[in-house]
Amino acid sequence: MLCLASFTCLAQSSGIDIPKEIHFSSEISYDRAEPTVKKCMEWITSHPIDADPAEHKRLAVYVFKWLDGTDKVSAAIDADLMQYTDQNSRLIMVFLSAWGLYELENGKNAAAAKAAGMDALVQSYQNATEKNKDKELEKLIRKRRKQGK
């Protein structure tokens, strides 16, 4: 039983090394961190919100601090987003990570990046087994299904 539990934890861990002290002091430090930030964003967006909450939090802190100071990504949180994340707060970082990945790979385009963020948010919510049911998000999912998304 102990071996199985250990294997499960290892299987859910990202394996991404990030510094214990997160400090971006210059544009060069942001540039150097970008590959690791992208790996963190990819992990956050590719795992449901209930997959390894401790790892999600660890990576989210790193990504958020990077997003807060970089000029390469212009991710924004607005009231529209908050209505879909108030029941499951980890979805905020799923949204921001997908937005960031989109802009890092395609250039700045707020509308397209926001759409990528919403797609990732919905997918993460749908794939989670342990989540707080969110009526507003469930409505959005039904609406998107009718639109063929």
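**Figure 1. Span and burial of helix α6 in the predicted model.** The 18 residues of α6 should span 26 Å at 1.5 Å a residue, and the separation of its end C-alpha atoms, 26 Å, therefore agrees with that expectation. Residues A113, A116, G117, M118, A120, L121, V122, S124 and Y125 of α6 are buried. The elements covering these buried residues include α2, α4 (79-85), α5 and α7 (135-146). An α-helix has 3.6 residues a turn, so residues three or four places apart point the same way.

**Figure 2. Packing of helix α5 against helix α6.** Helix α5 comprises residues 91-106 and helix α6 residues 110-127; their axes lie 7 Å apart and form an angle of about 140°. The two helices are therefore oblique to each other, since an angle counts as roughly antiparallel when over 145 degrees. The crossing of α5 and α6 is right-handed. On the α5 side, the contact is made by L91, V94, F95, A98, W99, Y102 and E103. The α6 side contributes A110, A112, A113, K114, A116, G117, M118, A120, L121, S124 and Y125.

**Figure 3. Helix α2 and its kink at E34.** Helix α2 runs over residues 27-46, 20 residues in total, and extends 28 Å from its first C-alpha to its last, close to the 28 Å expected at 1.5 Å a residue. A kink of about 45° is located at E34, shortly before the proline P35. The buried residues of α2 are S29, Y30, A33, E34, V37, C40, M41, W43, I44 and T45; the kink residue E34 is thus among them.

**Figure 4. Surroundings of I18 in the loop between α1 (2-12) and α2.** With a relative accessible area of 15%, I18 is buried, because the term applies under 20%. Not counting residues up to four places away in sequence, I18 touches T36, C40, R58, L59 and Y62. One of these partners, C40, is itself a buried residue of α2. The C-alpha atom of I18 is separated by 28 Å from that of Q87, which is 69 residues away along the chain.

**Figure 5. Contacts of H56 in helix α3.** Residue H56 is situated in α3, which covers residues 53-69. H56 has a relative accessible area of 2% and is therefore buried. Leaving aside neighbours within four places in sequence, H56 is in contact with W43, I44, R90, M93 and V94. Of these partners, W43 and I44 are buried residues of α2, while V94 also takes part in the contact of α5 with α6.

Note on methods:
Residues numbered from 1 in each chain as written. Predicted model: local features only at pLDDT ≥ 70, side-chain atom pairs only at ≥ 80, totals over all residues. Heavy atoms only, no water. Helix = DSSP H or I, 4+ residues; strand = E, 2+ residues; numbered from the N terminus. Expected span 1.5 Å × (residues − 1). Bend = angle between axes of the 7 residues up to and from the residue. Buried < 20%, exposed > 50% of the residue type's maximum accessible area, 1.4 Å probe, protein only. Axes fitted to C-alpha atoms, helices over the stretch in contact; angles between N-to-C directions. Parallel < 35°, antiparallel > 145°, perpendicular 65-115°, else oblique. Left-handed = near helix turned anticlockwise from the far one by under 90°. Contact = heavy atoms within 4.5 Å.
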